Amino acid sequence: AGRIMYATRGDTHWDLEQVADSSGTTATSIALDRSRVPAISYGDGSHFGTLYYAKRTGTGWNITTVDKGSAGDAGEYSSLAYDKNGVPHIAYNDGHTFATLMYATRNTSTGSWDHVAIDKGGEVGDTGYASSLVFDATGHPHIAYTAGKHFADLMYAFEDGASWVIMRVDDGGGKTKSTGLNPSLALDSHGFPHISYYSDSDTDVRYASWNGTAWVKETIDSDNDVGKYSALVIDNQDRPYIGYYDATFKELRYASRDSVAVPWKNHIVDNAGDAGYYVKAALDPVTNHPGFAYYDKENRTLKYAEWVG
């Protein structure tokens, strides 16, 4: 019906409410402020769209315009997060053709949004897709994103207090390779970044982690066409959990391991229908168990799965 929706889980059911109308949003991002009030970033239209920010109030949702883009083309991809002071920030893509990784911060004095171009993608501008934004304990932002629509690379940017530092994490092994699609970023207890992502050239799900001096890259699963969509979370013991889509068997899977010294374990979460599109992950703050929200394409259903063992 062309709507942005919000669901809250009760004791026995889910409560649903409409946030806003949208003519063609392909991605949303949700975060909670320090008072546990939800907010959502979304784009209105996959081409020539506008990036919006919606925050829940006592009577509904307050919606503000974040950016219309340099050519009226922003918001197809966005990632929302709050810093330690409770200020919202959004990493997003400006432009479908001449694309730039952008960063918006809510101005607490005026209520407007301040914008910074982090990575313009060189002269042609083809970067900033599918960004994933998180903050470390010191309040510095970190972003994983994809550069290039055709021969894509995995990119990583962080703000060190003075400027943005940009790294090319994985080029897939050459200029004609394509990797780094739909990255998901999480930080461990040391503040080191970890990223799950899809290698289109090899059709496998990969994992890149920073060990303090260099990036360590691993293949998590390569048996089928796996990982086009993935979502990473890391618990308080630095154990990673990755939910990912298996396109060959049309199922949601997840991978986990207890430490870097042991192999990854892969499990099936849902093999009913065509499950695992657009998977997102979160940890239960009480049990530390992972939960996954995802789309079942065959049944046209939004699903949620959580570990209860």
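**Exercise 1.** In what order do the strands S23, S24 and S25 form their open sheet, and is the pairing parallel or antiparallel?

*Solution.* The model is a predicted one, and the assignment of strands can be followed through it in steps.

Step 1. The open sheet is built from 3 strands in the order S23-S24-S25, and their pairing is antiparallel.

Step 2. Strand S23, covering 275-283, and strand S25, covering 301-306, are the edge strands, since each of them pairs on one side only. From one strand to the next, the twist averages 20 degrees.

Step 3. Turning to the pairing of S23 with strand S24, which spans residues 290-296, one finds that the two run antiparallel and are joined by 6 bridges. Within this region Tyr277 has Tyr295 of S24 as its bridge partner.

**Exercise 2.** Describe the second largest pocket by its volume, its lining and the elements that contribute to that lining.

*Solution.* Step 1. The space in the second largest pocket comes to about 260 Å³.

Step 2. Its lining consists of 17 residues, and those that lie nearest the centre of the pocket are Asp188, His194, Ser209, Arg257 and Val260.

Step 3. Two or more residues of the lining are given by strand S17 (204-210) and by strand S18 (215-221); S17 gives the most, with 3 residues.

Step 4. Sorted by residue class, the lining of the second largest pocket divides into 6 nonpolar, 6 polar and 5 charged residues.

Note on methods: Residues numbered from 1 in each chain as written. Predicted model: local features only at pLDDT ≥ 70, side-chain atom pairs only at ≥ 80, totals over all residues. Heavy atoms only, no water. Pairing = 2+ DSSP bridges. Helix = DSSP H or I, 4+ residues; strand = E, 2+ residues; numbered from the N terminus. Axes fitted to C-alpha atoms, helices over the stretch in contact; angles between N-to-C directions. 1 Å grid on protein atoms, 1.4 Å probe; cavity = no way out; pocket = protein on both sides within 12 Å on 5 of 7 lines; lining within 4 Å. Points joined across faces, edges and corners; volume = space filled by probe spheres on them. Nonpolar A, V, L, I, M, F, W, Y, C, P; charged D, E, K, R; others polar.
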